[in-house]
Amino acid sequence: MDVLWMAPPLLLLFPLLMWTSSTFVYYFKKCFYVAWMMVLALLAIPLCILKSGGRDVENMRVIRSLVRHVKYFLGLRFDVSGWEHLQTEGPYVIISNHQSSLDVLGLMEILPDRCTMIAKKELIYAGTVGLICWLGGIVFINRKKTSDAKSVMIDAAKTMLDDQIRLWVFPEGTRNQKGDLLPFKKGAFHLAVQAQVPIIPVVFSSYSSFYLRKQKQFNSGTIRLRILPKIETKGLTCDDIPSLSDKSFNLMRSSFLSISNSVPQSNGPCKH
Ligand SMILES: CCCCCCCC/C=C\CCCCCCCC(=O)SCCNC(=O)CCNC(=O)[C@H](O)C(C)(C)COP(=O)(O)OP(=O)(O)OC[C@H]1O[C@@H](n2cnc3c(N)ncnc32)[C@H](O)[C@@H]1OP(=O)(O)O
Ligand SMILES: CCCCCCCCCCCCCCCC(=O)OC[C@@H](O)COP(=O)(O)O
């Protein structure tokens, strides 16, 4: 059979063809990401238990060091600026925009010591990742019951001060890749005002240059991370929350648009 000679080159060509198919790359990278995080979490569980014997914010150090290399596998780079703004003593609230579960990579890139997050309670069921979130001291809220979520966040304000903990909140309250920020929910600002701690805004540039869910594309790319100057809340009360929220939103939105190379939308009255 003289066609048999074609088998080896075809066998070599097949993975190459697959690899160049961008849809294949998209699914491969996504599956790899989830699977690898599950494996890392499995590794982290005994390390965390050995380190602190259970649920403790100090476990975030272990998680952070294990997650740091994942970006290389996915072809992602982070360009961070504003490190000096994280050099603040004591507790504070970090707020950032939320585009995808990939945000965890950027979060771990800059995560300060003694900092954990607020997350939806469903995350606790994500297998080993859920368990690691619990061990890392993540505060879980029920987004469907505002009153429950509020009381959990009021407790969190007290814990922040008692245990000198920093909290990372996604004030949009959900993932969003619409090329703009969603209106902010109020919890993060209540938290900061109740504890009288500063807010540090962090902005991730848009993922749309390399990650497109609809078009099934997941290329290599660089994510710009901007840590903005802290916003003080000393002396502020409940009444100042709307203006505090608006101020943070406007600062973050203009930073997001300026670092995202977003093509201006033709939604204005000007026609050229
Ligand atoms: C080696 C290991 C490897 C493994 C790797 C593993 C890695 C894992 C590690 C780490 C991963 C971490 C990843 C975490 C990612 C998670 C992301 C998410 O899950 S995002 C979803 C959850 N986050 C939020 O939802 C934000 C917080 N949400 C809020 O702040 C909301 O405000 C909330 C839920 C408290 C209420 O939401 P409302 O939808 O009802 O809307 P509103 O307008 O904000 O509030 C209604 C009224 O309640 C008041 N209010 C809100 N909070 C209050 C408070 N604390 N005290 C008093 N009033 C409050 C407000 O002022 C408002 O009142 P008026 O309408 O203005 O009069
Ligand atoms: C057995 C169950 C398998 C589940 C596998 C999960 C493995 C995921 C690995 C990545 C871990 C990162 C966690 C990021 C959490 C995250 O980003 O959650 C999304 C929510 O903020 C917003 O959700 P939604 O408002 O519902 O869109």
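How far does a polar side-chain atom of Lys185 lie from an oxygen atom of ligand 1? The distance is 2.8 Å. This is a predicted model, and that value is computed from its atoms.

**Ligand 1**

The protein covers 80% of the 1400 Å² of accessible area that ligand 1 has on its own. Its shell draws two or more residues from each of α2, α3 (59-67), α5 (103-110), β3 (115-120), α6 (127-135), α7 (146-163) and α8 (187-195). Which of them gives the largest share? Helix α7 does, with five residues.

In total, 33 residues surround ligand 1. The closest are Lys120, Thr146, Lys185, Lys186 and His190. By class, the shell of ligand 1 holds 22 nonpolar, six polar and five charged residues. The space that ligand 1 takes is the largest pocket.

Lys185 has company in its polar contacts. Lys120 uses a backbone N or O atom, placed 2.9 Å from an oxygen atom of ligand 1. Lys150 uses an N or O atom of its side chain, and the distance to an oxygen atom of ligand 1 is 3.4 Å.

**Ligand 2**

The shell of ligand 2 has 14 residues. His98, Lys120, Arg143, Thr174 and Arg175 are the closest. Lys120 is thus named among the closest residues for ligand 2 and also for ligand 1.

Three side chains make polar contacts with oxygen atoms of ligand 2. Arg143 places a polar side-chain atom 2.8 Å from an oxygen atom. For Arg175 the distance is 2.9 Å. For Thr174 it is 2.3 Å. Around these contacts, the protein covers 70% of the 720 Å² of accessible area that ligand 2 has on its own.

What classes make up this shell? Eight residues are nonpolar, three are polar and three are charged. Helix α2 (residues 22-52) supplies the largest share, four residues. The space taken by ligand 2 is, again, the largest pocket.

The polar contacts of both ligands are listed here.

| Residue | Atom in the residue | Partner | Distance |
|---|---|---|---|
| Lys120 | backbone N or O | oxygen of ligand 1 | 2.9 Å |
| Lys150 | side-chain N or O | oxygen of ligand 1 | 3.4 Å |
| Lys185 | polar side-chain atom | oxygen of ligand 1 | 2.8 Å |
| Arg143 | polar side-chain atom | oxygen of ligand 2 | 2.8 Å |
| Thr174 | polar side-chain atom | oxygen of ligand 2 | 2.3 Å |
| Arg175 | polar side-chain atom | oxygen of ligand 2 | 2.9 Å |

**Aromatic pairs and helix α2**

Helix α2 gives residues to the shell of ligand 2 and to that of ligand 1. An aromatic pair belongs to this helix too. The model has 11 aromatic pairs. In one of them, the rings of Phe32 and Trp36 have centres 6.1 Å apart and planes at 15 degrees. Planes under 30 degrees apart count as stacked, so Phe32 and Trp36 form a stacked pair. Phe32 and Trp36 are four residues apart in helix α2, so about one helical turn separates them.

Methods: Residues are numbered from 1 along each chain as its sequence is written. Chains are lettered from A and ligands numbered from 1 in the order in which they are written. Side-chain values use heavy atoms; hydrogens and water are left out. A residue is near a molecule or strand if one of its heavy atoms lies within 4 Å of it. A polar contact is a pair of N or O atoms within 3.5 Å; within protein, one must be able to donate a hydrogen and the other to accept it, and residues adjacent in sequence count only if both atoms are side-chain atoms. Accessible areas come from the Shrake-Rupley method with a 1.4 Å probe; for residues, only the protein chains shown count as cover. On a 1 Å grid over the protein atoms alone, a cavity is a set of points where a 1.4 Å probe fits but cannot get out, and a pocket is an open set with protein on both sides within 12 Å along at least five of seven lines; lining residues have an atom within 4 Å of a point. A molecule sits in a cavity or pocket if more than half of its atoms lie within 2 Å of its grid points. Ala, Val, Leu, Ile, Met, Phe, Trp, Tyr, Cys and Pro count as nonpolar, Asp, Glu, Lys and Arg as charged, and the others, Gly among them, as polar. Rings of Phe, Tyr and Trp (its six-membered ring) pair if their centres lie within 6.5 Å; planes under 30 degrees apart count as stacked, over 60 as edge-to-face and the rest as tilted.
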